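Visitor: I should like to learn how to read the features of a structural model. Please take them one at a time, with the general idea before the case.

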Amino acid sequence: MKINKLTGLILIVLSSLLYWSCGQKNTRDGIKKSFESDLRNFMLEFTDSVNVPGMGFAFYSDKVGTVMQVVGNADNENSLPLQPGTHYPVQSTTKMFLSIVTLQLIGEDRLSLESTIGQWTDNVPNGEHITIRHLLQHTSGLIPYQANTEFMEEYYLNTSKKYNRDDFINAGLAIPYKAENIGTHIYSNTNYLILANIVEKITHNTIGQEYNQRIFRPAGMSNTYYKPEITNDTIEIIKCY
């Protein structure tokens, strides 16, 4: 169902692009208004069908400029509506950021793809054979912490408890490791959490500081930040982990 709904959203965008590119007589404002209406109706249907509190979508074309729509709530409990400026956790997009930082350190000869992780951590099984490349490619054989159902159940139920990165790493490491799985692709957040610890040990900076210095500031990403280093974020709609 979700795939079909997302396909519908893509078709709306593509059909609008085709419509604009064909040089219809409709005015720029008329086309934009029609697209916004179709998009909003679809988003309302989509959020209702997949039971999510809210959704934001932005699209840009040289023909009509920026089209932005938001529907639903950022906070259902307090009836706080979603706004164009509402912050979302970027979740696994941070893997791209961490990969960039890691490769920059390799380019600075401070790290190697073939470096084994045992020199930075002593609690990871098979650490003398798992390399930085394995972590980046999800081929270390380490299990995602989400597979630790006992930990995840506690995490979602105990919303007042504060967790740090090592808590999640240890949850993943609590699942028995099979050395024969090294080299096999297993998508696992545990890999990148361990990699983040290694980067911090090498740079003597936090991951947030490295992201700011190496990616966010150079790219002009003034509204992007690493959440654990920000306080009083009152417009987050999804719990970060």
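Visitor: Is Phe-46 buried or exposed, and by what value is that judged?

Guide: Burial is read from the relative accessible area: under 20% is buried, over 50% is exposed, and partly exposed lies in between, with a 1.4 Å probe and protein chains only. Phe-46 has a relative accessible area of 10% and is therefore buried. Phe-42, at 11%, is buried as well. The model is predicted, so local features need pLDDT of at least 70 and side-chain atom pairs count only at pLDDT 80 or more, while totals for chains, interfaces and linings use all residues. Residues are numbered from 1 along each chain as its sequence is written, and side-chain values use heavy atoms, with hydrogens and water left out.

Visitor: How far apart are Phe-42 and Phe-46 in helix α2?

Guide: Helices (H or I, at least four residues) and strands (E, at least two) are DSSP runs, numbered from the N terminus. Phe-42 and Phe-46 lie four residues apart in helix α2, which covers residues 28–50, so about one helical turn separates them.

Visitor: How is a pair of aromatic rings described?

Guide: The distance of the centres and the angle of the planes describe such a pair. Rings of Phe, Tyr and Trp (its six-membered ring) pair if their centres lie within 6.5 Å; planes under 30 degrees apart count as stacked, over 60 as edge-to-face and the rest as tilted. The whole structure contains 11 aromatic pairs. For Phe-42 and Phe-46, the ring centres are 6.2 Å apart and the planes meet at 20°, so this pair is stacked.

Visitor: Which class, stacked or edge-to-face, fits the rings of Phe-97 and Tyr-211?

Guide: Their centres are 5.8 Å apart and their planes stand at 65°, so the pair is edge-to-face. It links distant parts of the chain, since Phe-97 belongs to helix α3 (residues 93–107) and Tyr-211 to helix α8 (residues 207–216), 114 residues apart. Both Phe-97 and Tyr-211 are buried. Elsewhere, one aromatic cluster is formed by Tyr-145, Phe-151, Tyr-155, Tyr-156, Tyr-163 and Phe-168.

Visitor: Over which ring does the charged end of Lys-95 sit?

Guide: A charge sits over a ring if NZ of Lys or CZ of Arg is within 6 Å of the ring centre and within 35 degrees of the ring normal. The charged end of Lys-95 sits over the ring of Tyr-192, 5.8 Å from its centre.

Visitor: What span should the 15 residues of α3 have?

Guide: The expected span of a helix is 1.5 Å times one less than its number of residues. For α3 this gives 21 Å, and the end C-alpha atoms are 22 Å apart, which agrees. The buried residues of α3 include Lys-95, Phe-97, Leu-98 and Val-101. Contact means heavy atoms within 4.5 Å, and the cover of the buried residues of α3 includes α4 (132–137), α7 (189–203) and α8. After α3 comes Asp-109, with a positive phi near 60°.

Visitor: In what order do the strands of the sheet lie?

Guide: Two strands pair if DSSP finds at least two bridges between them. Three strands form an open sheet in the order β1-β2-β3, with antiparallel pairing. Its edge strands, β1 (54–61) and β3 (80–81), each pair on one side only. Between β1 and β2 there are eight bridges, and Phe-57 stands opposite Gln-69 in β2. A hairpin through three residues joins β1 to β2. Strand β2 (residues 65–75) pairs with β3 over two bridges: Asn-73 stands opposite Pro-81, and Asp-75 has Leu-80 as its bridge partner. The hairpin of β2 and β3 has four residues between the strands, and Ser-79 there takes a positive phi near 50°.

Visitor: How many helices and strands does the protein chain have?

Guide: The protein chain has eight helices and three strands, which run α-α-β-β-β-α-α-α-α-α-α from the N terminus on. Of its 241 residues, 38% count as buried.

Visitor: Where is Asn-223 placed?

Guide: Asn-223 is in the segment after α8 and is exposed, with a relative accessible area of 62%. Asn-223 and Gly-85 are 138 residues apart in sequence and 9.4 Å apart in space, C-alpha to C-alpha.
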